[in-house]
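Please open the model in your viewer and keep the sequence panel visible beside it. The tour below moves from one selection to the next and says what is to be found at each stop.

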Amino acid sequence: MSNPPHVSPPAQRPSIALALGGGGARGLAHILVLEVLDELDLKPRMIAGTSIGALIGAGYALGLPGYRLRAIMQEALGNRFDLVRQLFASRSEPVQHLLRLLPVRKSLLDPETLIQRLVPELDGRTFADLAIPLKVVATDLAAHETVVIEHGSLTRAVAASIAIPLVFSPVQEGPRLLVDGGLVNPLPFDLLDGTADITIAIDVSGASQAAAMSRHPAAIEILMRSIQIMEKSITLQKLAYRQPDLYLDVDLDQFGALEFWRADEIIAAAAPIKDKLRRQLERLVAAPPVRALPQP
């Protein structure tokens, strides 16, 4: 009797790790990236996020699928004036006296309020609750150092990562004063070395080309544009020495970093990245046919 033919086991798909960069409101485009991963049934082994990338990455790592994050964000950002009212009603008490001295009155807001308003599902959760390991990047303002947070409160970690100077209050964590992670590592794909077969990095920092500015820009517009240029410069220097397996630069320069009320426009403008990312992923990974997903 002849032996049965040998059947090879199905090839294992490569594992992926995902880096989500900072860019303020432009980072809403990260949601479309997550939708593609869901459609291709690709679950990251690790996520690293800076600023808005940390916020959206935390929601996804907690178990919220891309379509659900889209619905949450669009609902939360649907009323611009309600969001602004809640932010200014919760200004951090220790900095109230500074507001009387600063020429920019609407500054030093509480970043935890924004997080609770945008993704309330993070409230009360810790890194131990995550379905996917997450690294959140912040900056130690005194030590001039990168801080990678992987333990403790998700809300406080993300609050530190999004704390843009003169916009949000710094986050006091023990002896350290933490601010926006984009000041030191706006696209943290280097933190994913050795964690997966394929590293994907999504850059939403903008500043890839000249963008229109107001004829007489306000101080906050100058500040945000300066941070944008700095973050892009840091990312380009990193890319000159090392490359992720898949790098996607999302062109959303027409949107300001604080224009969260334009969420629908940003997501619509970023829509072409879905097909581009899907094609690139299918070349890197033996992906099955796209499956239908529930819609919000």
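Begin by selecting A263, which is buried, its relative accessible area being 3%, in what is a predicted model. This residue is found in helix 9, and if you leave out residues up to four places away in sequence, A263 touches L28 and L77. Keep L28 in the selection and draw a distance between the two C-alpha atoms: A263 and L28 are 235 residues apart along the chain, yet these atoms are separated by 7.1 Å.

Now zoom out to the protein chain, in which you should find 10 helices and eight strands. Of its 296 residues, 50% count as buried, and the accessible surface comes to about 14,200 Å², with 54% of that area belonging to carbon and sulfur atoms. If you display contacts between residues at least 6 apart in sequence, 75% of them join residues at least 24 apart.

Return to helix 9 by selecting residues 263-270, and add helix 10; the two axes come within 5 Å and cross at roughly 40°. Angles from 35 to 65 degrees fall in the oblique class, and helix 9 and helix 10 are therefore oblique to each other. To see the contact itself, show A268, A269 and A270 of helix 9 together with P272, I273 and K274 of helix 10. Coloured by class, this contact of helix 9 with helix 10 has five nonpolar residues, one charged residue and no polar ones.

Keep helix 10 (residues 272-284) on screen and add helix 1 (residues 30-39), for here the axes lie 9 Å apart and the packing angle is about 45°. Helix 1 and helix 10 are therefore likewise described as oblique to each other, and their crossing is right-handed. On the side of helix 1, the residues to select are L32, V33, E35, V36, L37 and E39, which meet I273, K274, L277, R278 and L281 in helix 10. By class, the contact of helix 1 with helix 10 has seven nonpolar and four charged residues, and no polar ones.

Next, hide the partner and consider helix 1 by itself: is it enclosed by the rest of the structure, or not, and why? Because 10 of its 10 residues are buried, helix 1 is largely enclosed by the rest of the structure. The buried residues include charged side chains that you can pick out by name, among them E35, D38 and E39. To bring back what covers the buried residues of helix 1, select elements including strand 1 (16-20), helix 2 (52-62), helix 3 (66-76), strand 7 (198-203), helix 9 and helix 10.

The last stops concern backbone angles. Most residues other than glycine have a negative phi. Select D41, which follows helix 1 and has a positive phi, near 55°. Move on to S51, in the loop between strand 2 (46-50) and helix 2, where phi is again positive, near 55°, in a residue other than glycine. S51 counts as buried, at 6% relative accessibility. Finish at L166, in the loop between helix 7 (154-162) and strand 5 (171-173); although L166 is not a glycine, its phi is positive, about 70°. With a relative accessible area of 45%, L166 is partly exposed, whereas S51 is buried.

Note on methods:
Residues numbered from 1 in each chain as written. Predicted model: local features only at pLDDT ≥ 70, side-chain atom pairs only at ≥ 80, totals over all residues. Heavy atoms only, no water. Axes fitted to C-alpha atoms, helices over the stretch in contact; angles between N-to-C directions. Helix = DSSP H or I, 4+ residues; strand = E, 2+ residues; numbered from the N terminus. Parallel < 35°, antiparallel > 145°, perpendicular 65-115°, else oblique. Left-handed = near helix turned anticlockwise from the far one by under 90°. Contact = heavy atoms within 4.5 Å. Nonpolar A, V, L, I, M, F, W, Y, C, P; charged D, E, K, R; others polar. Buried < 20%, exposed > 50% of the residue type's maximum accessible area, 1.4 Å probe, protein only. Areas by Shrake-Rupley, 256 points an atom, 1.4 Å probe, with all protein chains shown as cover.
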